[in-house]
Amino acid sequence: MNEIIEKLTTCIEFGKINQKSPFPPSMRGEVGADELTKQALEEGIKPTEILEQGLIPGMNAVGLKFSQGKVFVPEMLMAAKAMSTALVHLKPYFQSGEVKRKGTFIIGTVFGDLHDIGKNLVAMTVEGAGWEVIDLGVDVKAETFLDTLEKYPDSTVGISALLTTTMANMESVVKMLKEKHPSTKILVGGAPLNTEFSNKIGADFYCRDPQGAVAYLNNL
Amino acid sequence: MNKKQQFEKLLSGELHSTVLFKPILMHFAARFNKTTYGKLASDYKVLVESNTRCMEYFDLDTVSLISDPYRETSAFGARIEFIPEGVPKCLNKVIQNEEDAKNLVIPDIYNCERTRDRISGAAYYQKLLKGTVPVGGWIEGPLAEACDLAGVSEMLMNLMCDPDYSNLIMDKCMIVAREFAKAQINEGCDYIGIGDAICSQIDASTYDFYVKDRHKELVDHIHSLGAKAKLHICGNIEHLLPAISSLNVDIIDLDWQVDLHEARKILGDNVVIKGNINPVIIQEATSQHLESLAKELVQQMQGQKFILSGGCEIGVNTPITNLMKLAEISTKTKPINL
């Protein structure tokens with residue numbers, strides 16, 4: 001494999017954003033995802049190859065370590081930041097259609113709940129896995145999910161909740177979306193949830209962690 | 001023996017088979033008292049009266065001043081919106097860059113409405129309960145408060161990239177935490193809960209580097225003022241337990257993901273473990289299922305320093321009968337003269 005692509009994978013996995021970034025300490029002073037993506041494009045490496053062989057494997061690697069409890073949220077955030085920095089360089093190729101997304105994923109934290117960390121991690125990881133992500137933010141009403149889904153009808157939807165007090169709000173959102181769009185797949189996640197609850201409210205899948213969401217989406 | 005004496009005996013190791021009961025109640029307490037969470041969070045009288053009513057009905061063994069994460073954040077200058085049936089909302093990030101952190105003024109907690117309200121709550125508990133029931137105060141831990149001020153994602157990335165900036169924010173949070181703990185103890189709080197929810201999301205070395213010494217400093221400070229210290233971190237903290245074992249906390253809240261048997265081995269016999277039934281189960285399970293789970297837990301922990309509780313806050317929609325079931329199981333372990 002191309003050396004730049006390999007280095008790019010390492011930068012994403014370990015959250016090395018650019019040369020200025022002091023993180024991770026073991027890569028201090030080295031170039032990061034920002035410079036390497038630019039260099040790869042300048043050397044004529046195809047954007048699709050950069051995405052599929054460089055960036056996505058890096059996000060998959062860190063996502064797997066997160067699922068296994070080997071890294072924690074700050075390391076995931078750094079990896080996601082490195083990923084989003086690299087994706088800035090690929091944006092024109094997404095817009096021109098030269099690089100294709102795997103699909104569209106609409107995500108938000110359910111109404112009544114203001115927590116965003118879990119939702120952000122899933123959004124970043126899914127984006128890093130090659131999906132277009134529409135992040136609706138926190139405290140998202142059922143109507144907002146529905147309006148967005150009607151704008152992007154082939155999307156998959158993710159709903160997050162952190163509190164036992166707000167997870168109950170997911171049921172009405174799922175119900176409304178399924179009534180109008182019965183074939184749309186809906187993923188739910190958050191600390192107090194489990195598969196039993198997901199089944200009970202009519203969602204299609206309970207995501208224990210961001211990597212679980214990616215695995216589910218990739219199998220659709 | 002009143003509840004306060006009973007609490008003191010539990011902590012000193014003189015209660016061998018009694019299991020106390022104290023779930024974390026906020027929204028539930030408000031609903032139980034036919035009021036709203038917004039009122040409970042914004043008016044100390046509503047908070048104290050709601051908790052006292054729950055204490056009497058469910059025979060709780062302590063009461064608390066916990067309400068939401070934004071008392072100190074408000075004192076630092078954040079605007080807070082009270083939602084009738086939801087957690088108060090913080091409307092702005094007080095710290096958006098290093099300049100903001102440098103310029104952040106340490107507030108006078110007696111002159112800020114939300115911190116003063118909690119201090120008044122401590123005094124009101126003394127007026128109502130006359131020192132017979134242990135009262136728990138509450139402060140935000142340094143990392144949780146830093147996240148409240150700067151944003152969770154931003155602060156967690158700061159930890160990775162900029163130790164000086166991170167330390168600057170947390171040092172300012174510590175000053176307020178110390179003062180706020182002192183004010184609540186001065187008004188009669190028997191113990192202070194240090195809530196540092198986000199710590200479960202960082203690895204052990206980051207906890208050691210940034211947070212552990214600060215937690216120890218708060219515990220020592222609370223002890224020096226004559227009160228007991230409780231640590232509350234939501235989520236799975238099994239990876240942090242070795243570090244926490246050296247903090248000398250009196251009580252530790254353990255969430256449902258933590259294996260209590262393993263935790264006891266790491267933490268030793270001296271700390272009171274409080275926990276840890278999954279609040280979703282407490283809310284959703286039949287009372288028979290819950291009874292069976294709670295009995296098993298009590299059997300496992302009886303004879304140790306233990307307080308029966310949910311792993312975290314009790315959900316607002318929890319059936320009263322379910323909470324009562326937990327109360328009954330605790331009551332059965334208590335001497336008849338209580």
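Colleague: Hi! How many aromatic pairs does a search of the whole structure find over all chains?

Modeller: Hello! The search turns up nine aromatic pairs over all chains. For a pair, ring centres of Phe, Tyr or Trp (its six-membered ring) lie within 6.5 Å; planes under 30 degrees apart are stacked, over 60 edge-to-face, and the rest tilted. One of them is F28(B) with F58(B), a tilted pair at 6.0 Å centre to centre and 55° between the planes.

Colleague: Where do F28(B) and F58(B) lie?

Modeller: F28(B) is in helix α2 (residues 27-32) of chain B and F58(B) in helix α4 (residues 44-58) of chain B, so the pair ties together parts 30 residues apart in sequence. Helices here are DSSP runs of H or I with at least four residues, strands are E runs of at least two, and both are numbered from the N terminus.

Colleague: Before we go on, any ground rules?

Modeller: This is a predicted model, where local features need pLDDT of at least 70 and side-chain atom pairs count only at pLDDT 80 or more, while totals for chains, interfaces and linings use all residues. Residues are numbered from 1 along each chain as its sequence is written, chains are lettered from A and ligands numbered from 1 in the order in which they are written, and side-chain values use heavy atoms, with hydrogens and water left out.

Colleague: Thanks! Back to the rings: are F28(B) and F58(B) buried or exposed?

Modeller: Both F28(B) and F58(B) are buried. Buried means under 20% relative accessible area, exposed means over 50%, and partly exposed is in between (1.4 Å probe, protein chains only). F58(B) has 1% relative accessibility. F58(B) also pairs with Y57(B): the centres are 4.9 Å apart and the planes at 75°, so this pair is edge-to-face. Y57(B) is partly exposed at 45%.

Colleague: Which residues do ring pairs link into a cluster?

Modeller: The cluster holds F28(B), F32(B), Y57(B) and F58(B).

Colleague: New topic: how many salt bridges over all chains?

Modeller: There are 26 salt bridges (a side-chain nitrogen of Lys or Arg within 4 Å of a carboxyl oxygen of Asp or Glu). One of them joins K89(B) and D139(A), with the closest N and O atoms 3.4 Å apart. That pair crosses between chains, from strand β4 (residues 89-90) of chain B to the loop between β2 (132-135) and α6 (142-151) of chain A. K89(B) is partly exposed at 23%, and D139(A) is partly exposed at 25%.

Colleague: And what about E291(B) and K295(B)?

Modeller: Their side chains meet in a salt bridge at 3.4 Å, N to O. They are four residues apart in helix α15 (residues 287-301) of chain B, which means a separation of about one helical turn. K295(B) is partly exposed at 43%.

Colleague: Which residue forms a salt bridge with E328(B)?

Modeller: K325(B), with the closest N and O atoms 3.4 Å apart. The two are three residues apart in helix α16 (residues 320-331) of chain B. E328(B) is partly exposed at 34%, whereas K325(B) is buried at 17%.

Colleague: Last one: what sits over the ring of F94(A)?

Modeller: The charged end of R101(A), 3.7 Å from the ring centre. A charge sits over a ring if NZ of Lys or CZ of Arg is within 6 Å of the ring centre and within 35 degrees of the ring normal. K45(B) likewise lies over the face of Y124(B), at 5.9 Å from the ring centre.
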